[in-house]
Amino acid sequence: MNLSTLPKVILREMLQYVSIKDRLALRLTCRAFAKLVAETNAGYYDGICAVDAPTFDHKKQPCENLISVHIGGASFHGVTKKDEEINRILYLRNLLFRGILDDSIPFAFVRKLVRKVKIRNVHLIVNSGLQLEHAHQLITDYKESTLTMELLFRPKIGKLLMIPPMTEMKIALHNQSTWSLDLFLKLLAAQPNLTLEEPVEDMTLPNLERVVQLLSAIDHPRRVRFRVRNDTMSLSSHGIDALFEIVFVTTRDALLRLGYQRCLIELKNIDWKDDEEYADVYITNCDAWWRNSWQNPE
Amino acid sequence: MVLITLVSSDEQNFPVERELLKQSGTIETLIVNMNLDDEDTDAAAMPIPLPNVKGDVLEKVIQWMEHHKGDPVKEGDNEDNNAEIVVPQWDDDFFKPAMYGSKHLELTVAASYLDIKNLLTLSCKAISNTFKGKTGPQIREEWGVPNEFTPEEEEAIRKENEWSE
């Protein structure tokens with residue numbers, strides 16, 4: 001008996017514990033092993049297939065035409081974004097293992113695969129224009145489901161506003177950008193439950209009043225969460241009680257709760273001295289629910 | 001202490017403590033089917049034939065089970081593929097003398113046949129450890145695998161492999 005003549009069930013078990021680099025070496029032992037390596041999954045490796053793009057060269061200059069591909073323990077650097085190169089990577093990946101789930105599986109295939117599956121909650125994480133296109137297709141496919149979205153990039157304004165109303169829409173760009181007041185108001189009209197991670201510009205108290213006026217005029221439940229600069233809001237220099245009804249104030253979390261027509265507003269991390277850079281703002285027009293919970297704080 | 005006799009393919013008899021055999025799914029099934037656990041059954045008079053395991057291999061399997069007596073018995077497939085399995089020192093020492101030879105491979109095949117999952121996992125892991133950092137020809141030489149590749153085929157695979165770091 002020799003290694004290559006072991007029963008397949010044992011060889012497959014064994015291959016689970018072999019790293020990608022050692023798989024490369026195993027391919028060179030014999031044909032049976034080259035075939036076995038290609039036909040088995042890659043065991044315990046996390047992040048089995050990932051692509052970095054763009055990568056940077058040693059001068060820290062963007063190399064937008066190059067990508068790095070990581071397959072388990074092996075890395076392929078300086079791969080040009082050409083079909084020929086990508087196909088070469090996929091070819092090599094096919095020689096190394098099967099059963100990999102990654103972005104290289106065509107969306108159309110995945111869509112077809114799940115077409116007849118009932119999915120009650122569909123959460124879409126969208127990080128590129130292509131993924132947004134795919135998200136639109138899934139939204140069409142799952143009109144009856146609860147749809148939520150996490151948008152991780154900023155599409156062009158037209159495309160951003162064309163996203164249908166989500167049960168929850170969170171936009172987190174994870175960069176230093178801000179939202180203009182104008183675009184914020186448009187988003188507010190488009191999405192009933194909106195969370196913005198990046199701050200909204202020009203959110204003075206009068207502009208905050210514009211926001212709550214807009215929300216108060218809408219009959220359907222609306223919620224919005226966003227961030228503002230404390231110095232823009234400038235709570236210390238305005239007569240806040242002239243504009244809003246003060247419902248609750250506490251120094252814990254620097255919290256202020258305000259009422260305005262059908263809306264309730266929660267300002268968190270507010271700073272009268274403008275030491276704290278950003279405050280968090282939550283507004284809802286579901287006044288009954290909020291009044292009950294806010295007027296009886298723990 | 002209840003003893004059950006196992007009979008290897010070369011007709012060697014191995015009386016084994018009943019408790020130890022719980023580690024083997026195959027033998028456990030036979031014991032249940034043959035009612036060997038019943039008080040009325042004379043287990044000593046009913047040896048279990050294992051036609052696929054030679055005496056010297058069965059002896060090693062029993063030695064391994066004796067050391068692992070009381071260990072939790074692994075059931076079903078390994079669902080935790082993400083956890084890296086470490087071969088304990090005792091098992092490493094146990095496998096080492098026969099490693100690279102047919103005896104270790106026979107032990108692994110016996111573990112699979114007897115459905116002793118922990119032994120199979122550790123044995124496979126020990127084999128995979130011998131590949132770490134080795135080249136294809138080194139693995140071939142150590143394990144005595146004949147080279148079937150033409151120089152051209154070998155060169156083509158090498159070129160594909162060179163592409164990765």
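Reader: At about what angle does helix α9 of chain A run to β14(A)?

Author: This is a predicted model, in which local features need pLDDT of at least 70, side-chain atom pairs count only at pLDDT 80 or more, and totals for chains, interfaces and linings use all residues, while side-chain values use heavy atoms and leave out hydrogens and water. Residues are numbered from 1 along each chain as its sequence is written, and chains are lettered from A and ligands numbered from 1 in the order in which they are written. Helices (H or I, at least four residues) and strands (E, at least two) are DSSP runs numbered from the N terminus, and their axes are lines fitted to C-alpha atoms, for helices over the stretch in contact, with angles from 0 to 180 degrees between N-to-C directions; contact means heavy atoms within 4.5 Å. Helix α9 (205-216) lies across β10, β12, β13 and β14 of chain A, and its angle to β14(A) is about 20 degrees.

Reader: Which strands are the edges of the open sheet in chain A?

Author: Strands of a sheet pair through backbone hydrogen bonds, either parallel or antiparallel, and two strands count as paired here if DSSP finds at least two bridges between them. In chain A, 9 strands follow the order β6-β7-β8-β9-β10-β14-β13-β12-β11, with mixed pairing. The two that pair on one side only are β6 (121-126) and β11 (245-250).

Reader: How much does the sheet twist on average from one strand to the next, in degrees?

Author: Let's step along the open sheet of 9 strands in chain A. From each strand to the next, the average twist is 15 degrees.

Reader: And which strands does helix α6 of chain A touch?

Author: Helix α6 (129-141) packs on the sheet, and its direction makes about 165 degrees with that of β6(A). The strands it touches are β6 and β7 (146-151) of chain A.

Reader: Which residue in β9(A) is the bridge partner of A:Ile171?

Author: Strands β8 (168-171) and β9 (193-199) of chain A run parallel and are joined by 3 bridges. In β9(A), the partner of A:Ile171 is A:Leu196.

Reader: Now chain B: how far apart in sequence are the parts that B:Lys69 and B:Glu17 tie together?

Author: Their side chains meet in a salt bridge at 2.8 Å, N to O (a side-chain nitrogen of Lys or Arg within 4 Å of a carboxyl oxygen of Asp or Glu). B:Lys69 lies in the loop between α2 and α3 and B:Glu17 in strand β2, so the pair links parts separated in sequence by 52 residues.

Reader: Is B:Glu154 buried or exposed?

Author: B:Glu154 forms salt bridges with B:Arg140 at 3.7 Å and with B:Arg158 at 2.8 Å. Buried means under 20% relative accessible area, exposed over 50% and partly exposed in between (1.4 Å probe, protein chains only). At 31%, B:Arg158 is partly exposed. With its 12% relative accessibility, B:Glu154 counts as buried.

Reader: Are the rings of B:Trp90 and B:Phe94 stacked or edge-to-face?

Author: Rings of Phe, Tyr and Trp (its six-membered ring) pair if their centres lie within 6.5 Å; planes under 30 degrees apart are stacked, over 60 edge-to-face and the rest tilted. Both residues lie in helix α3 of chain B, 4 residues apart. Their ring centres are 5.0 Å apart and their planes at 15 degrees, so B:Trp90 and B:Phe94 are stacked.

Reader: How far from the ring centre of B:Phe94 is the charged end of B:Lys60?

Author: A charge sits over a ring if NZ of Lys or CZ of Arg is within 6 Å of the ring centre and within 35 degrees of the ring normal. B:Phe94 is buried at 6% relative accessible area. The charged end of B:Lys60 sits over this ring, and its distance from the centre is 4.2 Å.
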